[in-house]
Amino acid sequence: MSEKVRKSEAEWKALLSEEEFKVSRKKGTERAFTGMYWNHHERGTYHCVCCGAELFHSSAKYESGTGWPSFFTPVDPARVAEVVDRGFFMTRVEIVCAACDGHLGHVFPDGPLPSRRRYCMNSAALRFSSEEAHSEPGA
Ligand SMILES: [Zn+2]
């Protein structure tokens, strides 16, 4: 596995917008239907807003009706780590970027076939790069 990305809180704050910092470093949740990507349909990849790791491809995005961008599978399951989150009345599975531990959202067992998984993301934890405008050298 690749090296972990570690930065101090002040360093993350300098790199991210206030909303991005609140979501990705403080486990915040943006309000449904307010984020940049819940209704976004371009072809391309969604990267971790913190460290740039490629997390999801637009081909795995689907309409969940929740108001948050939802995917049925990550680009590589090793890039999205799962952490059991025992909240007030229910246990949820939090998902974090495996490279930098940035909070992404939660994964639920009610997604479409074949994975039946719903990766419920915060737009503020993602940065989209369009396939048309972007080519990755050496990738
Ligand atoms: Zn990351």
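In this predicted model, three strands make up an open sheet, arranged in the order 2-1-9 with antiparallel pairing. The edges belong to strand 2 (54-57) and strand 9 (126-130); each has a single partner strand, so one side of each goes without a neighbour in the sheet. On average, and ignoring direction, neighbouring strands here are turned by 30° against each other. Looking at one pairing in this sheet, strand 1 (44-48) meets strand 2 in the antiparallel sense, held by 3 bridges. Within that pairing, Tyr46 has Phe56 of strand 2 as its bridge partner.

Strand 8 (118-121) has pairings of its own. Strand 7 (103-108) runs antiparallel to strand 8, and 4 bridges join the two. Gly105 is bridged to Met121 of strand 8. Strand 4, made of residues 70-71, also pairs with strand 8, again in the antiparallel sense, over 2 bridges. Here Ser70 finds its bridge partner in Cys120 of strand 8.

What about the side chains of that strand? As a rule, side chains in a regular strand alternate between the two faces of the sheet. In strand 8, both faces turn out to be covered. Arg118 and Cys120 sit on one side, Tyr119 and Met121 on the other, and all of them are buried. Cys120 and Met121 therefore combine a buried position with a bridge, Cys120 to Ser70 and Met121 to Gly105, where buried means that 20 or more other C-beta atoms lie within 10 Å.

The loop between strand 7 and strand 8 holds a couple of backbone oddities. Pro114 lies in this loop, and the peptide bond joining Leu113 to Pro114 is cis, with omega at about 0°. Arg116 is found in the loop as well, and its phi is positive, near 60°, though the residue is not glycine. Both features go against the usual pattern, since most peptide bonds are trans and most residues other than glycine have a negative phi. Arg116 counts as exposed because 11 other C-beta atoms lie within 10 Å, and the cut-off for exposed is 12 or fewer. Arg118, in strand 8, is by contrast buried.

A positive phi also turns up at Phe33, again not a glycine, with a value of about 65°. Phe33 is placed in the loop between helix 2 (18-26) and strand 1. Is this aromatic residue buried or exposed? Phe33 is exposed, because it has 10 C-beta neighbours inside 10 Å.

Conventions:
Residues numbered from 1 in each chain as written. Predicted model: local features only at pLDDT ≥ 70, side-chain atom pairs only at ≥ 80, totals over all residues. Helix = DSSP H or I, 4+ residues; strand = E, 2+ residues; numbered from the N terminus. Pairing = 2+ DSSP bridges. Axes fitted to C-alpha atoms, helices over the stretch in contact; angles between N-to-C directions.
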